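Q: I'd like a close look at one part of this structure, please: a spot where helices pack against each other. Take it slowly, and then tell me how that spot fits into the rest of the chain.

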Amino acid sequence: MRLTAIDHPKPFLLKIAFYLSKKQFGKIIAPLRYIYSRSIPALMVALRIYRSENKLGLPKATRLLIRYYTSHLNECSFCSNAIDFSVQKENIELQEWKEYMNFRNSDRFSNKEKALLAYLEEINFTKTVTNETFAALKPYFSEKEIVEITWINATENYFNLMAKPLGLSSDELQYKNRY
């Protein structure tokens, strides 16, 4: 780890965040211990992003798919693990990661999913998309949905670019139904 963990923050807001993290995940997640304990404004931005996402029109499963695929493309082990946890918690079925590596040739993905994955892949590798890739997405998603897809991908890249350079690794979160 590149930074030293802060396990006993002084600000009351962080104490609440640590408590809620432990309650939700069974542990205090790395971003709180290494990033947000050093920058409450960064914590507030992250919280706003997540709250804003819940107001989007895309189904939760689609939002998680976007985050899942993007975090894996970016090889962000913390983010990938956190998304895996969320997928399990929401009881959403996603293909195994190895299936995504061959989505174009797989019959496990619909044409809609293939268009979405191609769009995300191109954005993440080139930071733009061709007219052909965009045109392939349009039959399946409204313009509003395409903006939301692009925004979720961008915010996942933001989180990945916070975690990876600072050396955050997987928290090895595993969802256990406590009820």
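A: Before the angles, one bit of bookkeeping: axes here are lines fitted to C-alpha atoms, for helices over the stretch in contact, and angles between N-to-C directions run from 0 to 180 degrees. Also keep in mind that this is a predicted model.

Let's start with helix H4 (residues 60-73) and helix H9 (residues 143-163), whose axes cross at roughly 45° and come within 9 Å. That angle makes H4 oblique to H9. The crossing of the two is right-handed. On the H4 side, the residues involved are Arg-63, Ile-66, Arg-67, Thr-70 and Ser-71. Facing them from H9 are Ile-149, Ile-152, Asn-153, Thr-155, Glu-156, Asn-157, Phe-159 and Asn-160. Sort the residues of this contact by type and you get 4 nonpolar, 6 polar and 3 charged.

H9 has another partner worth a look. Helix H3 (residues 40-53) packs on H9 at an angle of about 155°, with the axes 12 Å apart. Angles over 145 degrees count as roughly antiparallel, and H3 and H9 are therefore roughly antiparallel to each other. This crossing is left-handed. From H3, the contact uses Ala-42, Val-45, Ala-46, Ile-49, Tyr-50, Ser-52 and Glu-53, while H9 brings Trp-151, Ile-152, Thr-155, Tyr-158 and Phe-159. By type, this set splits into 9 nonpolar, 2 polar and 1 charged. Put the two lists side by side: Ile-152, Thr-155 and Phe-159 of H9 turn up in the contact with H4, and they turn up again in the contact with H3.

Now follow the chain onward from H4. Glu-75 sits in the loop between H4 and H5. Its phi is positive, about 55°, although Glu-75 is not a glycine. With 63% relative accessibility, Glu-75 counts as exposed. A little further on comes Ser-80, which belongs to helix H5 (residues 77-89). Ser-80 is at 8% relative accessibility and so counts as buried. Leaving out residues up to four places away in sequence, Ser-80 touches Ser-71 and His-72. You've met Ser-71 already: it is one of the H4 residues that meet H9.

Past H5, the loop leading to helix H6 (97-100) holds Asn-91. Asn-91 also has a positive phi, about 55°, without being a glycine. It counts as exposed, because its relative accessibility is 65%.

For the start of the chain, try Met-1, in the segment before helix H1 (12-25). Skipping residues up to four places away in sequence, Met-1 touches Tyr-34, Leu-166, Gly-167, Leu-168 and Ser-169. Val-45, one of the H3 residues in the contact with H9, is 44 residues from Met-1 in sequence and 23 Å away in space, C-alpha to C-alpha.

Finally, the whole chain. It has 9 helices and 0 strands. Among contacts with a separation of 6 or more, 68% join residues 24 or more positions apart. As for burial, 41% of the 179 residues count as buried. The C-alpha atoms fill a box of roughly 50 × 35 × 30 Å along the principal axes. The radius of gyration is 17 Å, which agrees with the value near 16 Å that a compact globule of 179 residues would have.

How values were computed:
Residues are numbered from 1 along each chain as its sequence is written. This is a predicted model: local features need pLDDT of at least 70, side-chain atom pairs count only at pLDDT 80 or more; totals for chains, interfaces and linings use all residues. Side-chain values use heavy atoms; hydrogens and water are left out. Helices (H or I, at least four residues) and strands (E, at least two) are DSSP runs, numbered from the N terminus. Angles under 35 degrees count as roughly parallel, over 145 as roughly antiparallel, 65 to 115 as roughly perpendicular and the rest as oblique. A crossing is left-handed if the near helix is turned anticlockwise from the far one by less than a right angle, and right-handed if clockwise. Contact means heavy atoms within 4.5 Å. Ala, Val, Leu, Ile, Met, Phe, Trp, Tyr, Cys and Pro count as nonpolar, Asp, Glu, Lys and Arg as charged, and the others, Gly among them, as polar. The radius of gyration is taken over C-alpha atoms; the globule rule is 2.2 Å times the number of residues to the power 0.38. Buried means under 20% relative accessible area, exposed over 50%, partly exposed in between (1.4 Å probe, protein chains only).
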